[in-house]
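Dear colleague,

I am handing over the structure we spoke about, and my notes on it come after the display. Please read them alongside the sequence.

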Amino acid sequence: MKHLTIGYLSTMYHTSHIIKAERWIEHEMTMTPAWKLFPTGPAMLEAFANSTIDIGYIGLPPAMIGIAKGLPIICIAGGHVEGTVMIAPDSFQSHDERTSIEQVLKQFRGKKLGTPTRGSIHDVIIRNLIEEKAEEIDITNFSWADLIPEALENGTLAGAVGTPPLAVICKKECATKIVVPPSSLWPYNPSYGIVVRKELFMNKNILETFLLLHERASNLIREQPLTAAAIVAKEIKVVDSAFIIEVFSVSPKYCASLPAPYKKSTMAFVPVLTRLGYITKPLTADDVFDSSIITAVHPGQEHYSHPGRLAP
């Protein structure tokens with residue numbers, strides 16, 4: 001296998017940007033990678049279905065939807081947890097002020113919240129909360145999250161649920177704030193993992209080396225955030241290092257491992273995805289995860305709950 005096609009998202013804290021910018025695959029795997037950018041995880045599933053990508057940086061709920069539909073893919077590593085945040089203008093009170101998510105949501109009764117595509121982890125989390133709390137709140141899904149700030153600014157949306165980068169962008173462009181932090185929306189939620197076509201297990205040495213690079217980039221974000229931010233800023237060219245440092249700090253829980261809490265939080269999505277109509281087939285942890293390679297690559301303690309340097 002000489003070529004590797006990797007699906008990735010614009011999300012700034014994914015290790016894809018560092019590995020791509022530093023050309024680690026070319027230098028250390030002597031392979032030619034093709035990087036394909038997708039607007040959302042659900043869009044990436046179509047590429048997996050067509051076998052046009054080998055590896056994907058994707059939220060676990062979209063991957064689970066694909067697995068339940070019969071896609072021969074599986075998660076072989078983690079990446080980050082608690083990457084979903086709720087934002088709104090300063091006129092709305094935050095979770096700290098209202099003391100509960102239920103009280104926060106009441107402020108949005110009869111209003112609209114924006115979130116990425118149906119089936120994305122952000123969409124699933126907020127729809128589940130709205131259903132649990134029996135609130136009458138409309139959800140508007142966006143195929144490109146980049147359109148959410150404009151909708152907030154012109155008043156089409158009262159708030160939004162999405163990634164830390166979205167929270168930082170909207171803070172600067174729309175004067176919004178975080179009203180529910182990531183840890184309160186869904187503790188330990190698997191904001192993204194590394195998913196591969198099962199066929200690639202014929203080349204386990206390739207997957208092992210890729211995960212070594214993924215872990216190295218995760219460690220760089222945790223231990224040397226200034227260096228990591230400079231690399232990402234140079235690669236994506238739309239924001240500076242200070243912006244990316246702020247993104248890193250919204251939810252600084254980066255690691256490549258697949259510890260029990262990561263899996264448990266992921267599997268808690270199964271009844272939610274079923275109730276919301278996204279899947280009809282029950283899934284087990286073995287359907288979703290294969291930990292054999294990451295266990296060899298990352299045998300030590302997970303870093304999600306031990307983030308290291310939280311400031312540059």
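The notes below go from the overall fold to the surface and charges, and then to the cysteines.

Please keep in mind that this is a predicted model. The secondary structure of the protein comes to 17 helices and 10 strands. With a radius of gyration of 19 Å, close to the 20 Å that the globule rule gives for 312 residues, the protein is as compact as a globular protein of that length. Taken along the principal axes, the box that the C-alpha atoms fill is roughly 55 × 45 × 35 Å.

Of the 312 residues, 59% count as buried, and among contacts between residues at least 6 apart in sequence, 80% join residues that are at least 24 apart. The accessible surface comes to about 12,800 Å², and carbon and sulfur atoms account for 51% of that area. As for charge, the protein has 29 positive and 31 negative charges, and the mean positions of these two sets lie 2 Å apart.

You may also wish to know how many disulfides the model contains. The count comes to zero, where a disulfide would need a pair of cysteine sulfur atoms within 2.5 Å. Cys-75 is in no disulfide, and the nearest cysteine sulfur to its own, that of Cys-255, is 12 Å away. Cys-255 is likewise in no disulfide, its nearest cysteine sulfur being that of Cys-75. Are these two cysteines buried or exposed? Cys-75 is buried, with a relative accessible area of 1%, and Cys-255 is buried too, at 0%.

With best regards

Conventions
Residues numbered from 1 in each chain as written. Predicted model: local features only at pLDDT ≥ 70, side-chain atom pairs only at ≥ 80, totals over all residues. Heavy atoms only, no water. Helix = DSSP H or I, 4+ residues; strand = E, 2+ residues; numbered from the N terminus. Rg over C-alpha atoms; globule rule 2.2 N^0.38 Å. Buried < 20%, exposed > 50% of the residue type's maximum accessible area, 1.4 Å probe, protein only. Contact = heavy atoms within 4.5 Å. Areas by Shrake-Rupley, 256 points an atom, 1.4 Å probe, with all protein chains shown as cover. Lys, Arg positive; Asp, Glu negative; His and termini not counted. Charge placed at Lys NZ, Arg CZ, Asp CG, Glu CD.
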